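Here's a quick briefing to read alongside the structure. Take a look at the picture, then work through the notes below.

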Amino acid sequence: MSLDNDIKYWKLDSIWGSAENMPLHRGMEWLLRKWLLRKGIEALSDKKVLSGGCASGRIEFHMENIGVKHIQAFDFVPEFVETAKRNASARNSNAKFFVGDMRELSCLENAHFDYAVYLNRMLCFVDDAGFDKSLREIRRTLKQGGLFLFDALDYNGRKWNELLSFFLKIAWGLQGAKIKPHFLPRVRNKDKRVDLKFWKTDQNLLYWFTKDELEYKLRQNGFKILDFAKEADIFTDPKDSIIFYVACEKC
Ligand SMILES: C[S@@+](CC[C@H](N)C(=O)[O-])C[C@H]1O[C@@H](n2cnc3c(N)ncnc32)[C@H](O)[C@@H]1O
């Protein structure tokens, strides 16, 4: 998919353009509180946070409630950014929102942020090249010792991914196309119904990582892993098995 098509996809998947009051996944909440507050609330007051894929500002307003004072957040859908700005002024929020693509953030200075927060599977929305570019931008804009907090999809966390992959290989092959392993379409649409077009080659794909692969990529790109958890590692009653919650440090 081209960038324009990516943007169109997100506009159509419009729950995110008005999701500012939706509660956060408890894993996200856990990751944010654990690492933002690791040195206490006072230590957070001068910390600068870069937040990726803000849509209507839900995660940014949440971080402000935790105690973050300086947030710059971006999304590549201009309409979402406008909504986030309106929501910010209605809430007297100090968060600053701008239009940007995580693969190219040249508007931001080097070594400026203490934290980069890319939650809600941001790194699963790009291809291999996009992943490398995004990670490079995060590393460039973080200070030495800055933390990168994110979540990502676990390929082995969903039992039927292998079967889906196999089916797609055949379905795409019959359409004269080749699907890359671990890039999978959404099988349910925003109304939570099965999307009957999921086997078509024009679908927006998500990348599902294995733990080893993600750890390797982070190390290769100069990050030290501090936390790599799933709900089962965090909560006594895990409900979700497909998301990794990760904290790593620029070294
Ligand atoms: C799943 S939504 C999450 C929105 C918001 N973070 C939340 O949880 O409420 C992902 C967001 O990332 C944005 N996005 C996807 N790819 C992006 C990219 N390459 N650069 C910037 N934003 C992107 C989409 O426009 C969308 O708003």
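**Two domains, one chain**

The protein chain splits into domain 1 (3–157 + 208–250) and domain 2 (159–207). Keep in mind that this is a predicted model.

**How the domains meet**

- Measure between their C-alpha centres and you'd find domain 1 and domain 2 lying 25 Å apart.
- Where they touch, domain 1 chips in 10 residues and domain 2 brings seven residues.
- On the domain 1 side of that contact, you'll find eight nonpolar and two charged residues, with no polar ones.

**A look at helix 3**

- Helix 3 covers residues 58–66, and its buried residues are Arg58, Ile59, Glu60, Phe61, Met63 and Glu64.
- What covers those buried residues? Helix 2 (26–36), strand 1 (48–52), strand 2 (70–75) and strand 4 (113–118) are among the elements that do.
- Right after helix 3 comes Gly67, which takes a positive phi of about 135°.

**Zooming in on Leu214**

- You can spot Leu214 in helix 7, which runs over residues 211–220.
- Is Leu214 buried or exposed? Leu214 counts as buried because 22 other C-beta atoms sit within 10 Å, and the cut-off for buried is 20 or more.
- If you skip its neighbours within four places in sequence, Leu214 is in contact with Ala152, Phe209 and Phe244.
- Ala177 sits 37 residues from Leu214 along the chain, and their C-alpha atoms are separated by 26 Å.

Notes
Residues numbered from 1 in each chain as written. Predicted model: local features only at pLDDT ≥ 70, side-chain atom pairs only at ≥ 80, totals over all residues. Helix = DSSP H or I, 4+ residues; strand = E, 2+ residues; numbered from the N terminus. Buried ≥ 20, exposed ≤ 12 C-beta atoms within 10 Å, placed from the backbone. Contact = placed C-beta atoms within 7 Å. Domains from an automatic or database assignment. Nonpolar A, V, L, I, M, F, W, Y, C, P; charged D, E, K, R; others polar.
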